[in-house]
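Please open the model in your viewer and keep the selection panel at hand, since each stop of this tour begins with something to select and goes on to what is there.

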Amino acid sequence: MAGARRVLATLRSHWKKTALGAGLLGWGASWLHGRHRDNLLRRAACQEAEVFGNQLIPSSMPLKKATVFLNPAACKGKARNLFEKNAAPILHLSGLDVTVVKTDYEGQAKKLLELMENTDLIIIAGGDGTVQEVITGLLRRADEAAFSKIPIGFIPLGKTCTLSHTLYPESMNQVQHITNATLAILKGETVPLDVLQIKGEKEQPVFAVTGLRWGSYRDAGVKASKYWYLGPLKTKAAHFFSTFKEWPQKRQADLMYLGPTERPPEEPEEKPSRPPLYVRLYRRLRLYWSPPPKEIPQEAAPEDWEELKLSTIELSIATQNRQLDLTRTEDFMDICIEADTVSKGQFVSRGSQKIRDPHTCPEGSQCIQASRCILQLPEGAEGSFGIDNEEYEAMPVEVKLLPRKLRFFCDPRMREQMLRAAVQ
């Protein structure tokens with residue numbers, strides 16, 4: 001009893017050290033608990049992947065080839081470790097023939113896609129920039145019509161992973177988010193995603209699955225990292241200091257656009273079986289003796305372009321991939337022209353919202369649905385384009401919607417949720 005009193009007295013007399021020790025002890029216990037929880041998540045995911053790997057396949061059927069494009073620089077250089085600890089074991093246990101291609105510099109993925117041989121799956125391990133590079137390289141190929149049918153998996157490892165909101169359920173645990181995304185590739189459920197083809201006057205086209213931004217919010221947002229020392233206030237600081245420039249910060253341009261297009265029926269995944277030889281011979285003989293009448297070519301109807309002069313604080317062109325509707329009957333992209341009459345206070349408050357959801361369209365904006373548009377910029381136009389969160393020089397561009405161009409693997413729960421929302 002006396003010993004306990006002496007201990008309490010010592011702790012009371014050195015209360016600062018006691019408080020520090022208790023804090024460190026609590027942090028250590030929390031860290032160990034988190035490590036243990038993550039290990040359990042990895043083990044459960046590997047056990048689930050092993051079920052796929054143990055499935056019997058005919059001896060004549062080759063293993064499916066999966067080509068992984070890994071950006072080690074994503075997530076401030078942590079992507080390689082995150083992939084090797086959380087995703088790689090699942091892929092290897094699943095029975096796939098996995099080839100990992102690590103990119104060493106920006107733009108390398110585009111070049112590597114031009115040289116890629118046949119593969120059954122393409123897996124992108126990185127963030128928005130890696131996705132944009134891979135799909136651009138893929139769709140620039142001469143044989144893109146065939147290669148664009150290869151299903152694509154996305155393992156979110158970057159700082160910004162916009163597609164993960166569409167493809168996978170939200171998770172606050174990074175390990176669980178990565179393992180869920182990797183397992184979704186093995187489960188085989190896919191959804192079709194739209195792609196934007198963005199072409200300048202001279203440059204090769206760039207492709208995006210999220211969208212394009214041009215304006216003051218984007219320019220201020222990319223400078224937020226300069227104010228890192230302000231912690232959670234860095235975003236507001238970046239937008240506040242940008243108001244010291246000429247105000248209001250207007251962007252002026254000419255816009256031409258075409259309206260939505262009717263969605264054609266989805267092509268069946270399985271090709272019809274080839275008819276017997278005698279049926280094919282009969283059809284050829286019938287065509288030979290009774291050729292069909294020649295059709296008179298009809299002139300294509302002129303395209304109905306709308307023209308608009310715009311003055312805006314920010315222009316965004318976005319796909320429907322963020323809020324995917326699998327049953328919609330029209331294909332279009334959303335053009336948001338934000339009003340240029342914004343107070344400095346509104347600009348600072350909306351700037352934080354734009355960081356969380358870059359393509360949000362505030363009240364009072366002009367919203368246009370289009371399948372194709374041409375953006376003509378005046379000489380000396382300020383700012384840069386943000387295309388899927390990657391920076392490009394601002395220039396006159398043509399933006400064309402490629403509806404349902406690529407198929408991405410998704411969590412089956414998300415696909416069911418989309419179908420239920422469409423029915424309601």
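Select Lys354 to begin: this residue is buried because its relative accessible area is 3%, where buried stands for under 20% relative accessible area, exposed for over 50%, and partly exposed for what lies in between, with a 1.4 Å probe and protein chains only. The model is a predicted one, in which local features need pLDDT of at least 70 and side-chain atom pairs count only at pLDDT 80 or more, while totals for chains, interfaces and linings use all residues. Residues are numbered from 1 along each chain as its sequence is written, and side-chain values use heavy atoms, with hydrogens and water left out.

Add Glu314 to the selection, and the partner of Lys354 appears: the two side chains meet in a salt bridge at 3.7 Å, N to O, the term being used for a side-chain nitrogen of Lys or Arg within 4 Å of a carboxyl oxygen of Asp or Glu. Glu314 lies in strand 11 (residues 314-318) and Lys354 in helix 13 (residues 344-356), so the pair ties together parts that are 40 residues apart in sequence; helices (H or I, at least four residues) and strands (E, at least two) are DSSP runs, numbered from the N terminus. Glu314 counts as buried too, because its relative accessibility is 0%.

Next, colour Asp194, Arg263, Arg328 and Asp331 together, as salt bridges that share partners join these four residues into one network. By the rule already given, the count of salt bridges comes to 20.

**From the network to the cavity**

Keep Asp194, Arg263 and Arg328 selected, since these residues are among those that line the largest cavity. How many cavities of 30 Å³ or more does a search of the whole structure find? The search finds one, and about 50 Å³ of space lies in the largest cavity. Here a cavity is a set of points, on a 1 Å grid over the protein atoms alone, where a 1.4 Å probe fits but cannot get out, and lining residues have an atom within 4 Å of a point; grid points are joined across faces, edges and corners, and the volume is the space filled by probe spheres set on the points.

To complete the lining, add Pro192, Leu193, Asn321, Leu324, Asp325, Leu326 and Arg404. Strand 5 (residues 190-199) gives the largest share of this lining, with three residues. By class, the lining divides into four nonpolar, one polar and five charged residues, with Ala, Val, Leu, Ile, Met, Phe, Trp, Tyr, Cys and Pro counted as nonpolar, Asp, Glu, Lys and Arg as charged, and the others, Gly among them, as polar.

**Two backbone stops**

Stay with Arg404, which is found in strand 18 (residues 397-409), and inspect its backbone: phi is near 50 degrees, a positive value in a residue other than glycine. Most residues other than glycine have a negative phi. Then move to Asn389, in the loop between strand 16 (384-387) and strand 17 (390-393), where phi is near 65 degrees and thus also positive; Asn389 counts as partly exposed because its relative accessibility is 40%.

**Across the chain**

Select Glu391 and Arg218, which form a salt bridge with the closest N and O atoms 3.5 Å apart. The pair links distant parts of the chain, with Arg218 in helix 10 and Glu391 in strand 17, 173 residues apart. Arg218 counts as buried at 7% relative accessibility, whereas Glu391 is exposed with a relative accessible area of 52%.

Now select Arg251 in strand 8 (residues 251-258), a residue that is buried with a relative accessible area of 6%. Its C-alpha is 6.9 Å from that of Glu314, although the two residues are 63 apart in sequence. Pro378, in the loop between strand 15 (372-376) and strand 16, is 127 residues from Arg251 in sequence and 9.5 Å away in space, C-alpha to C-alpha.

**Last stop: the surface**

Finally, select Trp228, Tyr229, Leu230 and Leu233, which form a nonpolar surface patch with about 500 Å² of accessible area together. Patches are made of residues with over 30% relative accessible area and no salt bridge, like charges being joined within 9 Å and nonpolar side chains (Val, Leu, Ile, Met, Phe, Trp, Tyr) within 5 Å; accessible areas come from the Shrake-Rupley method with a 1.4 Å probe, and for residues only the protein chains shown count as cover. Trp228 is found in the loop between helix 10 (216-221) and helix 11 (234-242), and Trp228 counts as exposed because its relative accessibility is 63%.

How values were computed: On a 1 Å grid over the protein atoms alone, a cavity is a set of points where a 1.4 Å probe fits but cannot get out, and a pocket is an open set with protein on both sides within 12 Å along at least five of seven lines; lining residues have an atom within 4 Å of a point.
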